[in-house]
2 protein chains.
Amino acid sequence: MVKQERAARTRDSLIRSAAEVFDQGGSSAPSLTLISSRAGVSNGALHFHFASKAALVDAVGESALVRLLAVANGARQPGQGQVQLLVDATHALAGALRADVVLRVGFALSGDASRAAGTDLRQHWRSWVERTVRQAEARGELRRGAGVREAVMAVVAVTMGFEVLGTRDAAWLSASTVAGFWQLLLPTLVSADVLAAIDADGSHGVRALYGVR
Amino acid sequence: MVKQERAARTRDSLIRSAAEVFDQGGSSAPSLTLISSRAGVSNGALHFHFASKAALVDAVGESALVRLLAVANGARQPGQGQVQLLVDATHALAGALRADVVLRVGFALSGDASRAAGTDLRQHWRSWVERTVRQAEARGELRRGAGVREAVMAVVAVTMGFEVLGTRDAAWLSASTVAGFWQLLLPTLVSADVLAAIDADGSHGVRALYGVR
């Protein structure tokens with residue numbers, strides 16, 4: 001049991017170390033030796049856990065997906081409307097992208113054309129947003145005539161824009177940037193009574209959880 | 001003169017070939033031999049034009065910047081308002097990203113953390129958007145209370161989102177996606193009389209020029 005825990009911890013630290021190396025290395029070829037030494041393990045241990053560099057890259061993508069779903073679903077709160085959930089989840093995602101290198105690299109891998117087979121975080125995020133917007137529509141939160149498809153595309157595109165721009169300048173992932181987008185979008189997206197109740201800065205629970213500034 | 005023209009043409013075809021190889025290769029290391037053979041020139045010719053792979057990458061970035069500015073400024077038309085120019089430029093950019101591999105790769109290079117020194121297309125696009133939104137404000141096209149900073153951030157983030165999502169699925173760069181975003185944003189961004197005159201699908205001239213569907 002202890003041995004299994006230690007193996008799991010080594011695996012996690014290799015995934016984190018790989019993400020750090022990918023994050024800094026950009027498009028240049030990452031070195032497995034650098035990854036294992038950063039994780040404080042031998043090359044042999046790396047090869048015990050991951051048969052190939054591709055397997056390690058896939059593990060980073062899968063770990064990032066688990067984190068993404070934890071962030072999005074973690075924004076749920078009792079009594080919260082679906083649009084508020086969407087607002088909160090975008091704040092939580094921005095906060096998590098600032099802090100979590102594995103999540104950041106997971107999204108970057110999504111855009112890598114040479115890796116068509118792996119986990120596509122952007123696609124998973126799109127599905128999550130779509131589901132939430134559809135539920136908002138079903139509950140009558142959306143303004144009459146507001147297009148569900150247009151709303152999904154705008155929210156997904158803008159958050160993915162924050163993500164890529166945030167790799168160079170963290171201001172794109174600040175709470176004020178995210179809130180500014182919602183202030184522009186919400187009046188055309190939701191009905192007037194829903195609008196009055198929504199907090200574009202994110203609800204209190206999310207602000208506390210992700211240290212939203 | 002003829003010799004200079006031929007040299008310029010060889011240089012351009014090497015830049016295009018490099019962009020095609022980068023576009024397909026993702027984060028794996030691109031091969032200079034593949035680039036020169038795709039361009040139909042010898043390895044010697046490649047090294048005559050570009051002293052190093054870094055120089056070739058920089059040339060792709062610079063060529064992409066020239067194209068970006070041509071696309072954005074090419075959306076200008078006589079008598080056009082500044083917000084309509086912004087709408088038209090985003091349609092033109094989406095159309096150009098669908099068709100132009102050098103432009104596409106130029107934006108991708110912007111996000112490459114290992115290449116901090118080169119041309120940053122995203123930063124140039126942001127400056128262009130900011131200038132245009134400020135001119136729209138100066139001319140009284142914006143709605144009272146519409147935040148210039150929020151508008152700039154939203155337009156830049158959403159277009160960069162379309163760009164990165166479009167590398168995997170061209171539907172993100174379709175005219176209907178771009179128009180859908182503007183339909184959501186325009187009512188909160190511009191005054192009512194300006195709104196009535198704006199075409200979210202892009203003006204006729206831009207539709208013709210970029211084959212916007």
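This report describes helix packing and residue environments in a predicted model.

## Overall make-up of chain A

Chain A has 11 helices and zero strands. Read from the N terminus, its elements run α-α-α-α-α-α-α-α-α-α-α. Its C-alpha atoms fill a box of roughly 60 × 35 × 30 Å along the principal axes.

Chain A holds 213 residues, and 47% of them count as buried. Sequence-distant contacts feature strongly in the count. Take the contacts in chain A between residues at least 6 apart in sequence: 67% of these join residues at least 24 apart.

## Helix α9 of chain A

Helix α9 of chain A covers residues 175-189. At 1.5 Å a residue, its 15 residues should span 21 Å. The end C-alpha atoms lie 20 Å apart, so the expected and modelled spans agree. The helix nevertheless has a bend of about 30° at A:Q183. A proline, A:P187, follows within four residues of that point.

Buried positions occur on both sides of the bend residue. Before A:Q183 in sequence come the buried residues A:T177, A:V178, A:A179, A:G180, A:F181 and A:W182. A:L184, A:L185, A:T188 and A:L189 are buried too. The buried residues of α9(A) pack against elements of both chains. In chain A, the partners are α5 (82-99) and α8 (148-166). In chain B, they are α8 (148-166) and α9 (175-189).

## Where α9 meets α9

How do the axes of α9(A) and α9(B) cross? They come within 8 Å and cross at roughly 100°. That angle falls in the 65 to 115 degree range, so α9(A) is roughly perpendicular to α9(B). On the chain A side, the contact is made by A:L184, A:L185, A:P187, A:T188 and A:L189. On the chain B side, it is made by B:L184, B:L185, B:P187, B:T188 and B:L189. A:P187, the proline that follows the bend, is thus one of the contacting residues.

## Two packed helix pairs

Two packed helices are described by the angle between their axes and the distance between the axes. In chain A, the axes of α5(A) and α8(A) come within 10 Å and cross at roughly 15°. These two helices are therefore roughly parallel to each other. Their crossing is right-handed. From α5(A), the residues A:L86, A:T90, A:L93, A:A94 and A:L97 take part. They meet A:V155, A:T159, A:F162, A:E163 and A:G166 of α8(A). Both helices are also partners of the buried residues of α9(A).

In chain B, helix α4 (residues 53-74) packs with helix α7 (residues 121-138). The angle is about 20°, and the axes are 10 Å apart. α4(B) and α7(B) are therefore roughly parallel to each other. α4(B) passes α7(B) in a right-handed crossing. B:A64, B:L65, B:L68 and B:A72 supply the α4(B) side. B:L121, B:H124, B:W125 and B:W128 supply the α7(B) side.

## A covered helix in chain B

Helix α6 of chain B spans residues 101-110 and is mostly covered. Nine of its 10 residues are buried. These are B:V102, B:L103, B:R104, B:V105, B:G106, B:F107, B:A108, B:L109 and B:S110. An arginine, B:R104, is among them.

## Three residue environments

A:V60 lies in helix α4 (residues 53-74) of chain A. It has 25 C-beta neighbours inside 10 Å and therefore counts as buried. Beyond residues up to four places away in sequence, A:V60 touches A:I15, A:A18, A:A19, A:V102, A:V105, A:G106 and A:L109. A:D12 is 48 residues away along the chain, yet its C-alpha atom is 9.2 Å from that of A:V60.

B:A92 sits in helix α5 (residues 82-99) of chain B. Is B:A92 buried or exposed? It is buried, because 24 other C-beta atoms lie within 10 Å. Apart from neighbours within four places in sequence, B:A92 contacts B:V71, B:G74, B:A75, B:V206, B:L209 and B:Y210. B:V206 is 114 residues away in sequence, but the C-alpha atoms of the pair are 6.4 Å apart.

B:T33 belongs to helix α2 (residues 32-38) of chain B. With 11 C-beta neighbours inside 10 Å, B:T33 counts as exposed. B:T33 and B:F162 are 129 residues apart in sequence, with 32 Å between their C-alpha atoms.

Definitions and conventions:
Residues numbered from 1 in each chain as written. Chains lettered and ligands numbered in written order. Predicted model: local features only at pLDDT ≥ 70, side-chain atom pairs only at ≥ 80, totals over all residues. Expected span 1.5 Å × (residues − 1). Bend = angle between axes of the 7 residues up to and from the residue. Buried ≥ 20, exposed ≤ 12 C-beta atoms within 10 Å, placed from the backbone. Contact = placed C-beta atoms within 7 Å. Axes fitted to C-alpha atoms, helices over the stretch in contact; angles between N-to-C directions. Parallel < 35°, antiparallel > 145°, perpendicular 65-115°, else oblique. Left-handed = near helix turned anticlockwise from the far one by under 90°.
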